Amino acid sequence: MLPSQALLPAVVFALTALQAFASDTFMAAVYEHTVILPHPTDEPVSPSEALALMNKNMDVLEGAIKEAAQQGAHIIVTPEDGIYGWRFTREAIYPYLEDIPDPVVNWIPCTDPSRFGPTPVQERLSCMARNNSIYVVANIGDKKPCDSSDPNCPGDGRYQYNTDVVYDTQGKLVARYHKYNLFRGETQFNYPKEPEVVTFETPFGKFGIFTCFDILFYEPAVVLVNKMQVDTVLFPTAWMNVLPFLTAIEFHSAWAMGMRVNLLSANTHNTSKAMTGDGLFTPEGPATYHYDSATEEGRLLLAELSAHPRLSPTYPPAINWSLYATSIKEFPGENDTFSGAVRRDIFTFSELRHKDGNHTVCQGDLCCHLVYQMSNKSKDEVYVLGAFDGLHGSVIKYHWQVCTLLKCPSTNLSTCGQPVESAQTKFEMFSLSGTFGTSYVFPEVLYSGVQLAPGEFEVLHDGRLKSKNGTSKPLITATLFGRLYEKDQPHPLRISL
């Protein structure tokens, strides 16, 4: 009995300490990194040359990690491709890859670096986390040998994966994720055979992780949020901005609001590739964000977030995205429409010819309704209401439904849908809705200068995206972006696996 009695105070103390450490909020950080790129080559460099480049990038990342920890951050996310860049063939990237084990092995690379062969990158990342008592999220490359017994084994005898890793405050590897939806240029990597749903628990909530292009697909993004019930999604990305609708800060903030979850988005920074824009996004809107297309500087962002947003009194209710729009047939008024392209997608547009009015535009199964009033319409600016219901993408095709109030680049209607970053017209009010065939709809409002509008709009329970007190800045677009995952075409590059 004596040993048990002696242990009891220690157990009670440990439980009390754990409860004290568990918090309703946590401090999160993301770092937008200007990646030091290798010289373009089709031939592999030596392992020492590859490590030298990666150490240059990790020097920068380590500085950001130390600063974040000093400011009280519990976790920091760094970008996709943030350690070696993206100028690679399959052969050229090989010296940059390491064998990354499954986290079940219970491994701290910082204290046991040679357990799985040469792992200098994993060792250094682990030590960054351990030495600064902070969770570190990074994107690196994994290599896995295979042989002829595997019918899908590549000819060079190995699989190569775009991989996210997470180290806890002790430097322990707690998560490994292989990117499932590769972007069209990622020929240096293989597709995983099955989608991975990766989660891990912390004293400040349940986390999930995926990478960049993954956010546009059901697996793993929606599965993590709806089935695994994560509190926060970690999102390393190398996002090339596409105005309208797929600007990094615009879509990532909208996704967090539509999915009603925290999203920690860390982007690479390269203005020549239109890569910029990261933030800490919540179900209520952005806690903080950054967009800079003018300089080549990195940026550290920090914000305090709810550890369990579903338990927050401000957690937004579920939205019936088509309730209002399906209750009316069509707004009366001018209904002249014309076609216009947003990249390759052909929208149906209707020009807003007056300072106020009601409009309806339909395409396919989608009808978009708009009520609006402009406060200072510029004679040199044209706005349209647009609808799109169809497949998007050239190689990988996935189904969008989009309702948008959109500024055109000029008074020439043929330019409507082309990129635009500035405007002069403000709105006294707008209300946008659509007959969406999906519950996955993401609300976006973007102001002149590529700025978000936190706190200035709301989504009513019946699916209307409304301004609260007019727009404080000129408007580029107000958009409801819907995804009909069940109508996506089979992935053409993964069918052969």
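**Figure 1. Pairing of strands S3 and S4 in the predicted model.** In this predicted model, strand S3 (residues 135–145) and strand S4 (residues 158–167) run antiparallel to each other and are joined over ten bridges. Within this pair, Lys144 faces Tyr159 of S4 across the ladder. Helix H3 (residues 120–132) lies across S3 and S4, and its direction makes about 160° with that of S3.

**Figure 2. The six-stranded sheet that contains S3 and S4.** The sheet is open, its strands follow the order S5-S4-S3-S2-S1-S12, and the pairing is mixed. Strand S5 (173–178) and strand S12 (299–306) occupy the edges; each has a single partner strand, so one side of each lacks a neighbour in the sheet. On average, neighbouring strands of this sheet are turned by 30° against each other, direction ignored. Strands of a sheet pair through backbone hydrogen bonds, in either a parallel or an antiparallel manner.

**Figure 3. The salt bridge between Asp142 and Lys144.** The side chains of Asp142 and Lys144 form a salt bridge, with a separation of 2.7 Å from N to O. The two partners are described by their relative accessibility. Asp142 has a value of 0% and therefore counts as buried. Lys144 has a relative accessible area of 21% and is partly exposed, because the buried class ends under 20%. Lys144 is also the residue that stands opposite Tyr159 in S4.

**Figure 4. A salt bridge between helices H2 and H3.** Glu62 and Arg124 form a salt bridge in which the closest N and O atoms lie 2.8 Å apart. This pair links distant parts of the chain, since Glu62 belongs to helix H2 (residues 47–70) and Arg124 to helix H3, 62 residues apart. Both Glu62 and Arg124 are buried. Helix H3, which carries Arg124, is the helix that lies across S3 and S4. In the chain, the count of salt bridges comes to 14.

**Figure 5. The salt bridge between Arg483 and Asp488, and a network elsewhere.** Asp488 and Arg483 form a salt bridge, the closest N and O atoms being 2.8 Å apart. Asp488 is partly exposed, with a relative accessibility of 21%, whereas Arg483 is buried at 1%. In a separate group, salt bridges that share partners connect Asp59, Glu62 and Arg124 into one network.

**Figure 6. Strand S16 and its two antiparallel partners.** Strand S16 (residues 366–374) is mostly covered, as seven of its nine residues are buried. Strand S15 (residues 356–363) and S16 run antiparallel and are joined by eight bridges. In this ladder, Cys362 is placed opposite Cys367 of S16. The two strands S15 and S16 form a hairpin with two residues between them, and Gly364 in the turn has a positive phi of about 60°. S16 also runs antiparallel to strand S19 (residues 427–434), with seven bridges between them. There, Tyr372 stands opposite Phe430 in S19. In a regular strand, side chains alternate between the two faces of the sheet.

**Figure 7. The seven-stranded sheet and helix H5.** An open sheet of seven strands follows the order S13-S14-S17-S18-S24-S20-S21, with antiparallel pairing. Strand S13 (338–342) and strand S21 (451–452) are the edge strands, and each pairs on one side only. Strand S20 (residues 441–447) and S21 run antiparallel, joined by two bridges. Tyr447 has Gln451 of S21 as its bridge partner. Helix H5 (residues 248–259) packs on the sheet, where it touches S20, S21 and strand S24 (475–483); the direction of H5 makes about 140° with that of S20.

**Figure 8. The chain as the setting of the close-up views.** The secondary structure of the chain comprises five helices and 24 strands. For 497 residues, a compact globule would have a radius of gyration near 23 Å, and the value of 24 Å for the chain agrees with this. The C-alpha trace spans about 80 × 60 × 45 Å along its principal axes. Of the 497 residues, 56% count as buried. Among contacts between residues at least 6 apart in sequence, 71% join residues at least 24 apart. The chain exposes about 20200 Å², of which carbon and sulfur atoms supply 52%.

Conventions: Residues numbered from 1 in each chain as written. Predicted model: local features only at pLDDT ≥ 70, side-chain atom pairs only at ≥ 80, totals over all residues. Heavy atoms only, no water. Pairing = 2+ DSSP bridges. Helix = DSSP H or I, 4+ residues; strand = E, 2+ residues; numbered from the N terminus. Axes fitted to C-alpha atoms, helices over the stretch in contact; angles between N-to-C directions. Contact = heavy atoms within 4.5 Å. Salt bridge = Lys/Arg side-chain N within 4 Å of Asp/Glu carboxyl O. Buried < 20%, exposed > 50% of the residue type's maximum accessible area, 1.4 Å probe, protein only. Rg over C-alpha atoms; globule rule 2.2 N^0.38 Å. Areas by Shrake-Rupley, 256 points an atom, 1.4 Å probe, with all protein chains shown as cover.
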